[in-house]
Amino acid sequence: MSSSAVPALGPAHTVACSEGEAIWFNGALVTVKVPGAWSGDAFSLVEVLSSRGRATGLHTDPSHETFYLLEGELLFHVDGEEQQLRAGDTVSVREGVPHAFVVVSGLARFLVLNTPGTHDRFFRAGGEPALDRDLAAAPVPDHDRTMAAAREHGVVFIGPPPFPAAAVMQVSG
């Protein structure tokens with residue numbers, strides 16, 4: 001497993017399927033596949049594994065954010081509109097646009113591409129290293145740490161998850 005937050009700045013960056021810097025972030029396993037530092041902050045790429053009911057609060061990001069769903073289903077709320085994503089679907093959210101999502105399948109695994117590539121720093125600051133990649137081992141979310149990381153990295157939480165309460169079991173931010 002690669003544990004370095006800043007890889008060597010070679011001409012290519014390769015990360016095997018089950019490798020990358022693993023971070024527990026509010027009940028989700030975030031694996032940094034390409035840290036922003038590698039591309040001079042042009043982009044960052046993380047893989048997220050999360051279970052049913054994990055939702056983000058309504059928020060804005062200081063970067064454009066693209067989600068590509070590998071497995072499972074997510075319900076997105078983007079600028080007042082809802083849309084369901086299934087494996088193979090993609091949604092991109094412009095910088096500064098209010099959005100949130102909730103996992104509606106048993107598990108969801110998805111990639112998140114941010115441009116500029118500084119979002120991996122937010123996950124590091126708001127999370128903690130994952131020594132075990134089993135979701136059952138996820139520590140209890142630390143919302144104070146998340147909010148401090150959000151302030152430091154330009155993520156602005158503007159409200160609770162905009163989903164029915166029965167769909168939300170755990171909130172990030």
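Asn 26 is buried, with a relative accessible area of 4%. The model described here is predicted. Asn 26 is not a glycine, yet its phi is positive, at about 50 degrees. The residue sits in the loop between strand S1 (21–25) and strand S2 (28–34). These two strands form a hairpin, with 2 residues between them, and Asn 26 lies in the turn.

The strands of this hairpin run antiparallel, and 5 bridges join S1 to S2. Within the pairing, Ile 23 stands opposite Val 30 in S2. S2 also pairs with S3, again in the antiparallel sense and over 5 bridges. Here Leu 29 stands opposite Leu 49 in S3. S2 thus has a partner in S1 and another in S3. The strand is mostly covered, and 7 of its 7 residues are buried. In a regular strand, side chains alternate between the two faces of the sheet.

A second positive phi occurs at Asp 41, with a value of about 70 degrees. Asp 41 is not a glycine either. It is found in the loop between S2 and strand S3 (44–51). Asp 41 is partly exposed, with a relative accessible area of 24%, whereas Asn 26 is buried because its value, 4%, falls under the 20% cut-off.

Backbone geometry also stands out at Pro 116. A cis peptide bond joins Thr 115 and Pro 116, with omega at about 0 degrees. Pro 116 lies in the loop between strand S11 (107–115) and helix H1 (119–126).

Aromatic side chains were examined next. The structure holds 9 aromatic pairs. One of them joins Trp 38 and Phe 43, whose ring centres are 6.4 Å apart. Their planes stand at 75 degrees, so the pair is edge-to-face. Trp 38 is partly exposed, with a relative accessible area of 21%. Phe 43 is also partly exposed, at 26%. The rings of Phe 122 and Phe 123 have their centres 5.7 Å apart. Their planes meet at 40 degrees, so this pair is tilted. Both Phe 122 and Phe 123 are buried. Ring pairs also link Phe 67, Phe 76, Phe 101 and Phe 110 into a cluster.

Phe 76 appears again in the surroundings of Ala 100, among the residues in contact with it. Ala 100 is found in strand S10 (residues 99–103). It is buried, with a relative accessible area of 0%. Neighbours within four places in sequence are left aside in what follows. Ala 100 is in contact with Thr 56, Gly 57 and Leu 58, among others. Its contacts also include Leu 75, Phe 76 and His 77. Pro 162 and Phe 163 are contacts of Ala 100 as well. For Leu 75, the separation from Ala 100 is 25 residues in sequence. In space, the two are 8.5 Å apart, C-alpha to C-alpha.

Note on methods. Residues numbered from 1 in each chain as written. Predicted model: local features only at pLDDT ≥ 70, side-chain atom pairs only at ≥ 80, totals over all residues. Heavy atoms only, no water. Helix = DSSP H or I, 4+ residues; strand = E, 2+ residues; numbered from the N terminus. Buried < 20%, exposed > 50% of the residue type's maximum accessible area, 1.4 Å probe, protein only. Contact = heavy atoms within 4.5 Å. Phe/Tyr/Trp six-rings, centres within 6.5 Å; stacked < 30°, edge-to-face > 60°. Pairing = 2+ DSSP bridges.
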